[in-house]
Amino acid sequence: MSATTTAPPADPAAEFLDRRSPLERARGVLHRYPALSPAIVLVLSVVVFGMLNERFLAPANLSLITQQVAVVGTLAVAQTLIILTAGIDLSVGSVMVLSSMVVAQVASGSGVPAALALLIGLATGVACGGLNGLLVTRLSLPPFIATLGTFSVFTALALLYSHGATVRGGDMPALLTWTGTTIPVGGVRVSTGVMLMLAAYLVAAYALSRTAWGKHVYAVGDDKEAARLSGISINRVLISVYLAAGAILALAAWIQIGRANAASPNVGVDMNLDSITAVVIGGTSLFGGRGTVWGTLLGALIVGVFRNGLSLAGLDVLYQTLAVGILVIVAVSLDQWIRKVRR
Amino acid sequence: MTTAETSVNGTPSPVATPVLRARGLVKTYGHVVGLDGVDLELYPGEVLAIIGDNGAGKSTLIKCLTGAEIPDQGEILLDGERVHFKRPQDARAAGIETVYQTLAVAPSLDIASNLYLGREVRRPGLLGSVLRLTDRAGMRKAARRHLTDLGISTLQDVTVPVESLSGGQRQAVAVARAAAFGSKVVVLDEPTAALGVRESGQVLELVRTLRDKGVPVIIISHNMPHVFEIADRIHVQRLGRRAATITPRSHTMTEAVALMTGAAEA
Ligand SMILES: Nc1ncnc2c1ncn2[C@@H]1O[C@H](COP(=O)(O)OP(=O)(O)OP(=O)(O)O)[C@@H](O)[C@H]1O
Ligand SMILES: [Mg+2]
């Protein structure tokens, strides 16, 4: 039995009984606060890139980084929910693209009011998420396989539906591209898309940490059989997670239209990998049951900071890709090491 | 099937309706026969121990009784009424709380969240009904009280994740959960297997407390001294069937073991 976690605080000897090395103690802390390591990495990388190039810390550049992060950051909220249940969603990018094509075409072609078009886009995202959820629960398909299949299906549907054509922002009602507009917040221009992304994080964080549903999501990801025996309906929780993810992906579609000032069937389907990258760098375990959306936000920002900082340093895009790859491997190795605590 | 139960029935009111009764339960896993027509009666206010060798079907039996498994055949009666538990939450809703052998705790959640897993308490008013906000402080306070009631003084910090606890402490959490919410029947599958001498004593004490409150208890254990100390009656499970029902007065430990292993017939 460990004296560290259970000794009553009143016992003055407890501190001296802790014979773990500083490294092990650090591991214990990182284990308890999964968002701590990405927070440290983000601060360090901002400092380093700021020293390498003074333009990096300019308000305009910081604003640009957040805008570059907004779409993947929103996809990553949905991805976090699914990975917390020990699943993975390869279709997030294609769901977003399909939803954005539906919104753009409905609003620009058929004279449907913009708000209604957005609702139809939301329904599209939720329906796609619901399909993933049904495949995972009713057919008991592994999420990796189910969403690998729907990734292709949704990608093809988006291309078929749009006839492969991009809808330009100018041809859409202003509400659809509203997410690309910026408003000044204390000297920095923040886009409304970024604010919507932050709202998604706030809502998801609240739901995960302060509602019974959130506890059930963690319990299901942690140990499905234990959750079942504790009286939790596994399939209900899983379906609700995929539906919620679908709604968030529809939000990402709106943000993407504003950011690109267009809806294109060819841009974004590959963001599934970027969203997984953000989640993993953010300290959420691929084994499920451990992690937070705040870690994911940090993870998405870390990727954004690295890409931006390296390109300001004049390095080729290939080096950004290389750096992100190394980050992922380091993050997953760190997770493996942290998880060795008292297992 | 043996009729030993009627011949050597123990003291607790044999004429009363059993709180929980199983008749002819059959459960197979592919070719493996887990239960082969088991009967069981649990009478009001008694402690019923289930003993048997590894693989005798003890855990399968209580899983069928508590909705964790659905029996292929047979019937279960609660207070004389036929019940069909399809999920563990059905049995829970009927007041049956269970500590499964695998403990069924969520390792990454803290102690309080585990105690209230699947029955979270929401804040009153709009915060709870609209915003679904859980009453975290209230649940933590109550969790601390449940643990204190159990005499588990080493678990005062209920915000610690369960995975950082020792095996025995995890078991204590699972037992505390069952004891706190079991209003009709409490079922414990080897609750003292990982516990030290003092902690085992506390669990046995808790079983007595539950019985004195009028809550009957089913307890599975391999520890014969514990069984003979606490049980009013003992259900001997062997090869997926009930070999006998005995009492600590009708049989010695050696005789009980002989029934368990098949060295003796009831
Ligand atoms: N999920 C399952 N799948 C297949 N076989 C199972 C399953 N659960 C139990 N069994 C089989 O059913 C039989 C009874 O198992 P059970 O777990 O009920 O035994 P037990 O009496 O609880 O043993 P122990 O004392 O080791 O806990 C065993 O032969 C076991 O292999
Ligand atoms: Mg067992």
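A salt bridge, as the term is used here, is a side-chain nitrogen of Lys or Arg within 4 Å of a carboxyl oxygen of Asp or Glu. Keep that in mind as we walk through this predicted model, starting at the place where its two chains join. There, the side chains of Arg290(A) and Glu163(B) form such a pair, with N and O 3.0 Å apart. Because the cut-off is 4 Å, the 3.0 Å between Arg290(A) and Glu163(B) satisfies it.

How many salt bridges are there between chain B and chain A? The count is one. Polar contacts add to the picture: 13 residue pairs, both partners at pLDDT 80 or more, are found across the interface of chain B and chain A. On the chain B side, the elements that contribute two or more residues to the surface touching chain A are helix 3 (88-93) and helix 7 (167-181). By class, this side of chain B is made up of 14 nonpolar, 11 polar and seven charged residues.

How much surface goes into this meeting? The size of an interface is often given as the accessible area lost when the parts come together. For chain B and chain A that area is about 2,600 Å², with carbon and sulfur atoms giving 51% of it. Chain B brings 32 residues to the contact, and chain A brings 27.

Let us now take the chains one by one, beginning with chain A. Its secondary structure consists of 16 helices and four strands. The radius of gyration of chain A is 21 Å, close to the 20 Å that the globule rule gives for 343 residues, so chain A is as compact as a globular protein of that length. If you turn the C-alpha trace of chain A onto its principal axes, the spans are about 75 × 55 × 35 Å.

For a local detail in chain A, look at helix 12, which covers residues 224-229. Glu225(A) and Arg228(A) both sit in this helix, three residues apart, about one turn of the helix. These two residues form a salt bridge, their closest N and O atoms being 3.2 Å apart. Over all chains, the count of salt bridges comes to 20.

Chain B has 10 helices and 10 strands. Its radius of gyration is 19 Å, close to the 18 Å expected from the globule rule for 266 residues, so chain B too is as compact as a globular protein of its length. The C-alpha trace of chain B spans about 60 × 40 × 40 Å along its principal axes.

Inside chain B there is another boundary to explore. The domain assignment divides the chain into domain 1, made of two segments (20-95 + 183-261), and domain 2 (106-171). Their C-alpha centres lie 27 Å apart, and the contact takes nine residues from each of the two domains. About 640 Å² is buried between domain 1 and domain 2 of chain B, 42% of it from carbon and sulfur atoms. Which three residues supply more of the area that domain 1 buries against domain 2 than any other three? They are Arg92(B), Ala194(B) and Gln202(B), which together account for 58%.

The side of domain 1 that touches domain 2 has five nonpolar, two polar and two charged residues. Across this interface within chain B the rule finds zero salt bridges, while four residue pairs, both members at pLDDT 80 or more, are in polar contact.

Notes
Residues are numbered from 1 along each chain as its sequence is written. Chains are lettered from A and ligands numbered from 1 in the order in which they are written. This is a predicted model: local features need pLDDT of at least 70, side-chain atom pairs count only at pLDDT 80 or more; totals for chains, interfaces and linings use all residues. Side-chain values use heavy atoms; hydrogens and water are left out. Domain bounds come from an automatic or database domain assignment. Contact means heavy atoms within 4.5 Å. Buried area is the accessible area (1.4 Å probe) that two parts lose on being put together, summed over both. A polar contact is a pair of N or O atoms within 3.5 Å; within protein, one must be able to donate a hydrogen and the other to accept it, and residues adjacent in sequence count only if both atoms are side-chain atoms. Ala, Val, Leu, Ile, Met, Phe, Trp, Tyr, Cys and Pro count as nonpolar, Asp, Glu, Lys and Arg as charged, and the others, Gly among them, as polar. The radius of gyration is taken over C-alpha atoms; the globule rule is 2.2 Å times the number of residues to the power 0.38.
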